[in-house]
Amino acid sequence: GLSLGTQKENIEKWAKSNGYHLHHIYSDDGRSASDVNDLIALNGIVEMLQPRDCIIVADMSRFSRSIDGYMEITNRILNKGCRIIILTENRVISTEKDRDSAIKFVEIAQYHSENTSRSINRIYEDKRDRGEFVGKISYGWKRSGGPKSEVIEVSEEQAVIKYIFELASETR
C-alpha cells in the first residue's frame, strides 16, 4: 500500500498543482478504514468543516472500506456543503450523484479488505494446525532458535512480570 509519507506527498503535490491551500494534513495512522467511526482524525475534520471546504484523500481505501461507512461519512461532508477529492480515482464527490457513482470504488476496497482478511486467517489456521506459534511474542517470552523454533520463557523478564503483579496486588 501507500505509506503515510507517500500519501502526504501526493496530497501536497496535487494541492499545489491545482491551486489548493492545505490547512493541515491529518492521518489516522494505524487505524483501519473498515469502520469510519474508528477514524478519529477524519471525524474531527468533518466536525470542523465549513461550507465550500474540501477534503483531499490519497486513496479510497484510506477513506472507507465499507459501503455503510462511506455513505455515512460522505453524507456528513456533503450536508456541510463540502467536497471530497479522491486522488487515485481522480474523482470529486460534491453531490449525491457523485457519491453514488463512486460506490464501485468502495466496493472494490471492501472486497480487497475482506479477501485479505480471509487469506491471513487461512494462513494463521494452517500455521496453528502445523503447531506453529502465531502472533507477536509477548514480553517474557522468546523463540529458542530460528523463526520456527519453539517459544520459551525468558527468566529475567518473567521475574519483572511477577514483580509487577506483586506490586499490583499490594495496592488493592
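## Exercises on a predicted chain

Asn-90 sits in the loop that joins strand 2 (83-86) to strand 3 (91-93). Helices (H or I, at least four residues) and strands (E, at least two) are DSSP runs, numbered from the N terminus.

The model is predicted: local features need pLDDT of at least 70, side-chain atom pairs count only at pLDDT 80 or more, and totals for chains, interfaces and linings use all residues. Residues are numbered from 1 along each chain as its sequence is written, and side-chain values use heavy atoms, with hydrogens and water left out.

### Exercise 1: The overall chain

Describe the secondary structure of the protein chain, then set its radius of gyration beside that of a compact globule.

Solution.
- Step 1. Count the elements: the chain has seven helices and five strands.
- Step 2. Read along the sequence: the pattern is α-α-β-α-α-β-β-α-α-β-β-α.
- Step 3. Take the radius of gyration (over C-alpha atoms; the globule rule is 2.2 Å times the number of residues to the power 0.38). The chain has 22 Å, while a compact globule of 172 residues would have a value near 16 Å.
- Step 4. Box the C-alpha atoms along the principal axes: roughly 60 × 40 × 30 Å.
- Step 5. Look at burial. Buried means under 20% relative accessible area, exposed over 50%, and partly exposed in between (1.4 Å probe, protein chains only). Of the 172 residues, 28% are buried.
- Step 6. Look at contacts, meaning heavy atoms within 4.5 Å. Among those between residues at least 6 apart in sequence, 50% join residues at least 24 apart.

### Exercise 2: Positive phi outside glycine

Find the sign of phi for Asn-90 and for Arg-52, and say whether each is buried or exposed.

Solution.
- Step 1. Recall the background: most residues other than glycine have a negative phi.
- Step 2. Check Asn-90. Its phi is positive, about 50°, although the residue is not a glycine.
- Step 3. Check Arg-52. Its phi is near 80°, again a positive value in a residue other than glycine.
- Step 4. Place Arg-52: the loop between helix 2 (40-48) and strand 1 (54-57) holds it.
- Step 5. Judge exposure. Asn-90 has a relative accessible area of 71%, so it is exposed. Arg-52 is exposed because its relative accessible area is 74%.

### Exercise 3: Helix 6

Compare the span of helix 6 with its expected span, then list its buried residues and some of their cover.

Solution.
- Step 1. Note the rule: the expected span is 1.5 Å times one less than the number of residues.
- Step 2. Apply it. Helix 6 covers residues 103-129, which is 27 residues. From first C-alpha to last it reaches 39 Å, close to the expected 39 Å.
- Step 3. List the buried residues: Ile-103, Val-106, Ala-109 and Ser-113.
- Step 4. Recall the helix rule: residues three or four places apart point the same way, because an α-helix has 3.6 residues a turn.
- Step 5. Find the cover. It includes helix 3 (60-63), helix 4 (67-79) and helix 5 (96-101).
- Step 6. Look past the end. Gly-131 follows helix 6, with a positive phi near 80°.

### Exercise 4: Two valines

Decide whether Val-46 and Val-151 are buried, partly exposed or exposed, and name what each one touches.

Solution.
- Step 1. Locate them. Val-46 is in helix 2; Val-151 is in strand 5 (residues 151-153).
- Step 2. Classify. Val-46 has a relative accessible area of 1%, so it is buried. Val-151 has 25%, so it is partly exposed.
- Step 3. List contacts beyond four places in sequence. Val-46 touches Ile-55, Ile-73, Arg-76, Ile-77 and Lys-80. Val-151 touches Phe-133, Ile-137, Trp-141, Lys-142 and Arg-143.
- Step 4. Take one distance for each. The C-alpha atoms of Val-46 and Ile-73 are 8.1 Å apart, at 27 residues along the chain. Those of Val-151 and Gly-131 are 11 Å apart, at 20 residues in sequence.

### Exercise 5: Ser-144

Place Ser-144 in the chain and find its distance in space from Leu-22.

Solution.
- Step 1. Ser-144 lies in the loop between strand 4 (141-143) and strand 5.
- Step 2. Its relative accessibility is 41%, so it counts as partly exposed.
- Step 3. Beyond four places in sequence, Ser-144 contacts Ser-149, Glu-150 and Ile-152.
- Step 4. Leu-22 is 122 residues away in sequence and 51 Å away in space, C-alpha to C-alpha.
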